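Please walk through this structure with me. We start with paired strands and finish at the ligand.

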Amino acid sequence: MCGIVGCVAEEPVAEILLEGLKRVEYRGYDSVGMATISGGKFGVRKGVGRVAEVEERLQMSRLPGDAGMAHSRWATHGGVTDQNAHPHASCRESVAVIHNGIIENYVPLKKALSSRGHRFRSETDTEVIAHIIEDEYKRLRDPVKATLAGTKKLKGQYAMAVMFQDRPDVMIGARKDAPLIVGVGDGKMFLASDVLAFIGHTDRTIFLDNLEVVELTKDRVRIFGPQGKEVRRKPTQVAWELSDVSKSDFAHYTLKEINEQPKTVLTASVQDPAKLEAFAKAIRKAKSLYITASGTSYHAGLLMKFRLNKEAKIRVDTVVAGELKEHAGFLGKGSVVVAFSQSGETADVMEAVKEAKKHGARVFSIVNAAGSTLARESDGVLLLNCGPEVGVAATKSFTAQVVVANLVVDAVLGKRRSNGFKELSEAVAETLKCDEQIRDLVYEYSSRPDFYFVARGYESPVAMEGALKLKELSYIHAEGMPASELKHGTLALIEKGTPVVVLNPSGSLHADTLSNAEELRARGADVIGVSDVKDEVYRHFVRVPKVQPKFAPIVESIPLQLLAYHMSVAKRNDPDYPRNLAKSVTVK
Ligand code: G6P
């Protein structure tokens, strides 16, 4: 959600900002804008629409100036209008601001500011920040001090970039419970919600801590703590490269990322044994244990729970992050919470972690974005090592999560080594060959209003993930559930020709799942089997290679991801940026 890109350089910045905006597009947004300073004045261009559309209309990249900031807005307070797009300037246009987050006390603040003569031009919560900092700047005449004083009045979450009309050499950043990262370049410094925004210019980053304020000039970065004391922090190098964020020869990022999985299941499997053991020890010793996550990551958490319950005989619950608070009665000193998150910035996950820590629990996380808030606030972290994921719908991060979760469970079980990743990678590559067959299925079923996905046991979360993927990308109604549940309600919805995907690997649950497939066929469903063994009950059959049972969800996910992707394309949706969704959901 809301993307921030700021740059102070020894050259014009508008083109650099536009490129950065394109790189944070995946976060999800409805409007964009840019402000630069030139000749002692702000130039602001902003409007509703995609980056390319607004650029075509308003030529943001023509804004002159060596310092500027750009923003992609995901509307929360105030409708989707040109006026509500960021940046927002104070009434005297002495201060401009872009912001990601929610200012919870903006109503009383706005009232107080209005009564002091401030005039508001938007309906956003963000605009109060510009007016407050304008007042503080008038009083303190120092950008850092004014921002520190201004932010102390705010309740809620924020990551922001602030510019001062009479200080074109300086940009200020501030954050609380929302991501803000500094990029340290040569002759140009960056502020962004995400390293991807500046990765083409520098790989040296500084992650800001909560309540810190940063001052950027073209050749210097200074960080200040909440009391204004300067903090020294060296930049760290990020492993991601510019080529990681290009589409290569693929039509969409999502397709590229699906196809990267033979590689990413291998890179995810390379973990530091000491870190794995620390993770496993915490799980073994936990007085109470929860796994928490949102969206696709939650499904990976369900898979981990299954193996911990069944194989390690450890009692654990997987709870969606937005609901963990309701289980706080079971959290205390000695509890452990395992959090899964691709971005490491999901607000629901961060809230859950905060709640867990409040009760004395330790937090261990499985994260893709190194340096993300979750990674930094955890007692132990395992990284997914699958490279940046740009497509809004998680694909390669899910299979990487399943790999890492399996490594942790194996460590809990006392297995010193987990083997078979080379074979897994080959099996994923083999499974990707079903692409043509999936396109045929899409051709046959693209006009169906509903899809169902069913499975038993360890595969049940995969059925849920298949349904989620299809909903996200194709906007077709889909449900995923344990096959045993069908007869308790959903069977009533099955009609002639209703497509039902049945995940059914060989093993102890195979026969029962086949019976459910029979029940479905008897009611007219078109059963699409995904398995390593064919059966005549399936009207369509997608063969996946036989792999170790713990890896089966990984290969089974591939046809489901391709189904969602090709369905999206067939319906002329944009698979990379599905409507109403954001990659990184940084509001509750
Ligand atoms: C959003 C995305 C989902 C993702 C979920 C959790 O809703 O659209 O694809 O699964 O957030 O994200 P996380 O970064 O915490 O894994």
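**Strands, then ligand**

R204 stands opposite Q237, a residue of strand β15. Keep in mind that this is a predicted model. The facing pair belongs to a short stretch of pairing: β11 and β15 (residues 236–237) run antiparallel and are joined by two bridges.

Now turn to the other partner of β11. Strand β9 spans residues 181–184, and β11 spans residues 204–207. These two strands also pair in the antiparallel sense, here over three bridges. Within this pairing, I181 stands opposite F207 of β11. Strand β11 therefore pairs with β9 and with β15, since two strands count as paired when at least two bridges lie between them.

Next, the ligand. How many residues surround it? The shell holds 14 residues. The closest are S297, S341, Q342, S343 and T346. Helix α9 (residues 295–310) supplies the largest share of this shell, with three residues. By character, the shell divides into eight polar, four nonpolar and two charged residues.

Which contacts reach the oxygen atoms of the ligand? Take the side chains of two serines. A polar side-chain atom of S297 sits 2.6 Å from a ligand oxygen atom. In S341, a side-chain N or O atom is also 2.6 Å from an oxygen atom of the ligand. The backbone takes part as well: a polar backbone atom of T296 lies 3.0 Å from a ligand oxygen atom. How much of the ligand does the protein cover? On its own, the ligand has 390 Å² of accessible area, and the protein covers 90% of that.

Conventions: Residues are numbered from 1 along each chain as its sequence is written. This is a predicted model: local features need pLDDT of at least 70, side-chain atom pairs count only at pLDDT 80 or more; totals for chains, interfaces and linings use all residues. Side-chain values use heavy atoms; hydrogens and water are left out. Helices (H or I, at least four residues) and strands (E, at least two) are DSSP runs, numbered from the N terminus. A residue is near a molecule or strand if one of its heavy atoms lies within 4 Å of it. A polar contact is a pair of N or O atoms within 3.5 Å; within protein, one must be able to donate a hydrogen and the other to accept it, and residues adjacent in sequence count only if both atoms are side-chain atoms. Accessible areas come from the Shrake-Rupley method with a 1.4 Å probe; for residues, only the protein chains shown count as cover. Ala, Val, Leu, Ile, Met, Phe, Trp, Tyr, Cys and Pro count as nonpolar, Asp, Glu, Lys and Arg as charged, and the others, Gly among them, as polar.
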